[in-house]
Number of protein chains: 2
Amino acid sequence: MNTYNEALQWRYATKKFDAGKKLDKETLDQLKEAIRLSASSYGLQPYKVFIIEDAALREQLRPAAWNQPQITDASQLVVFANDTDFGDAQIDDYINNVATTRNLEAEGLKGYADFMKSKITPLPAEVRAAWTAKQTYIALGNLLSAAAHLKVDVCPMEGFEAEKFDEILGLKEKNLSTAVIATVGYRSEEDDTQHYAKVRKPASELFETI
Amino acid sequence: MNTYNEALQWRYATKKFDAGKKLDKETLDQLKEAIRLSASSYGLQPYKVFIIEDAALREQLRPAAWNQPQITDASQLVVFANDTDFGDAQIDDYINNVATTRNLEAEGLKGYADFMKSKITPLPAEVRAAWTAKQTYIALGNLLSAAAHLKVDVCPMEGFEAEKFDEILGLKEKNLSTAVIATVGYRSEEDDTQHYAKVRKPASELFETI
């Protein structure tokens with residue numbers, strides 16, 4: 001087994017964190033960089049990521065996440081918030097970033113911009129929002145793997161009330177919505193789950209080669 | 001920069017593959033294992049993954065993917081197909097797998113099974129399908145990172161007609177639908193894109209720490 005898959009074997013959805021162990025700045029920065037480097041549709045990164053450290057805010061959010069203790073006990077709470085009104089303006093921002101990063105004229109990228117706009121902007125709002133939400137799952141998957149590589153524990157979570165999160169974090173007025181969340185930190189030694197055998201479908205069931 | 005993030009820097013959405021270079025079995029098996037170990041909601045893995053090697057089938061699929069050449073030129077085409085009718089039966093399969101893997105009585109897991117059933121099965125079909133589709137994006141993200149670690153190139157693709165893919169692959173009658181696809185292989189030396197600077201939002205824009 002290579003080190004990548006060894007790290008995946010090591011990780012598990014950590015429910016019980018050691019509340020006394022916090023990520024140091026360098027480790028957190030590396031995880032943020034992994035999120036930032038995540039692939040997304042056309043590279044548009046149609047989301048924003050909130051790193052929540054404030055204890056009072058996490059206390060406030062916890063009831064909206066089935067009162068799960070990792071919300072307050074973990075080192076950080078990460079909220080992936082997808083764009084709910086992604087369109088021409090965001091595509092122009094992206095094109096300007098391409099031009100700056102690659103030292104090109106934005107005008108020369110107009111054809112590509114128009115192509116993306118023709119594919120994305122006419123879609124109904126709920127289709128665009130579903131599409132931006134899916135992109136956050138690539139970043140979430142990358143966070144899980146990057147963290148495992150650094151022996152950092154993560155609990156990915158869908159068990160939360162998005163509307164309450166959005167309200168508490170003031171996301172709606174920013175055209176954002178909570179897509180998925182995760183807590184990062186270090187597993188409690190008392191968490192028995194870490195010793196359980198990992199449950200996955202056998203390859204023969206999950207894959208079909210044609 | 002750690003090796004994980006170095007691998008992410010190395011990767012890019014490879015459009016031009018070296019059609020003469022194929023993955024060896026061991027490398028492909030490692031990628032499949034990374035997909036298999038991917039996290040998913042409750043660990044349910046509500047999808048199936050098709051590894052398509054057959055040249056004639058790929059020729060047939062290519063027009064349904066904007067005629068993009070990587071469909072036929074890459075070493076393999078990977079189709080992530082999400083469950084479109086996930087419910088009690090699939091949850092029971094999962095519980096049986098937990099019981100077998102951890103040497104437990106399935107009966108003792110009934111409370112957990114009932115909890116998942118109460119959360120998932122009553123949801124409208126389209127909500128369940130959107131939820132299973134999102135899980136495939138975690139696996140896709142993991143494939144991208146695992147491949148980069150092994151210096152294998154991937155092109156993740158949303159530019160395809162899901163209905164045509166479903167029809168050609170006979171997915172509908174299996175309660176599956178094409179959620180996202182990717183091609184894996186090795187970049188062509190002629191692909192200039194590999195030399196372009198990676199475009200990502202600056203951390204100051206993507207993240208907000210509270």
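Helix H5(B) contributes four residues to the lining of the second largest pocket, the most of any element. The model described here is predicted. This pocket has a volume of about 370 Å³. In total, 20 residues line the second largest pocket, and those lying nearest its centre are A:Lys201, A:Glu205, B:Asp83, B:Gln90 and B:Asp93. Two or more lining residues come from each of helix H9 (203-206) of chain A, strand E1 (47-52) of chain B and helix H5 (88-102) of chain B. By class, the lining of the second largest pocket holds eight nonpolar, four polar and eight charged residues.

The structure also holds five cavities of 30 Å³ or more. The largest cavity encloses about 50 Å³ of space. Its lining includes A:Leu8, A:Arg11 and A:Gly141 from chain A, and B:Leu37, B:Ile138 and B:Asn142 from chain B. Helix H7 (125-149) of chain A and H7 of chain B are the elements that give two or more residues to this lining. H7(A) gives the most, with three residues.

The table sets out the residue classes of three groups: the two linings and the side of chain B that touches chain A.

| Group | Nonpolar | Polar | Charged |
|---|---|---|---|
| Lining of the second largest pocket | eight residues | four residues | eight residues |
| Lining of the largest cavity | five residues | four residues | one residue |
| Side of chain B that touches chain A | 34 residues | 16 residues | 17 residues |

The interface itself may now be considered. How many residues of chain B are in contact with chain A? There are 67 residues of chain B in contact with 67 residues of chain A. The size of an interface is often given as the accessible area lost when the parts come together. Between chain B and chain A, the buried area is about 6300 Å², and carbon and sulfur atoms give 58% of this area. B:Arg200, B:Phe207 and B:Ile210 supply 12% of the area that chain B buries against chain A, more than any other three residues.

Polar and charged groups also meet across the interface of chain B and chain A, where 41 residue pairs are in polar contact and two salt bridges are found. A:Glu208 forms a salt bridge with B:Lys48, with the closest N and O atoms 3.7 Å apart. Several elements of chain B each supply at least two residues of the side that touches chain A, among them helix H1 (3-10), helix H2 (25-36), helix H6 (110-120) and strand E5 (207-209). The largest share of that side, 12 residues, comes from H7(B).

Conventions: Residues numbered from 1 in each chain as written. Chains lettered and ligands numbered in written order. Predicted model: local features only at pLDDT ≥ 70, side-chain atom pairs only at ≥ 80, totals over all residues. Heavy atoms only, no water. 1 Å grid on protein atoms, 1.4 Å probe; cavity = no way out; pocket = protein on both sides within 12 Å on 5 of 7 lines; lining within 4 Å. Points joined across faces, edges and corners; volume = space filled by probe spheres on them. Nonpolar A, V, L, I, M, F, W, Y, C, P; charged D, E, K, R; others polar. Contact = heavy atoms within 4.5 Å. Buried area = accessible area lost by both parts, 1.4 Å probe. Salt bridge = Lys/Arg side-chain N within 4 Å of Asp/Glu carboxyl O. Polar contact = N/O pair within 3.5 Å; in protein donor to acceptor, adjacent residues only side chain to side chain.
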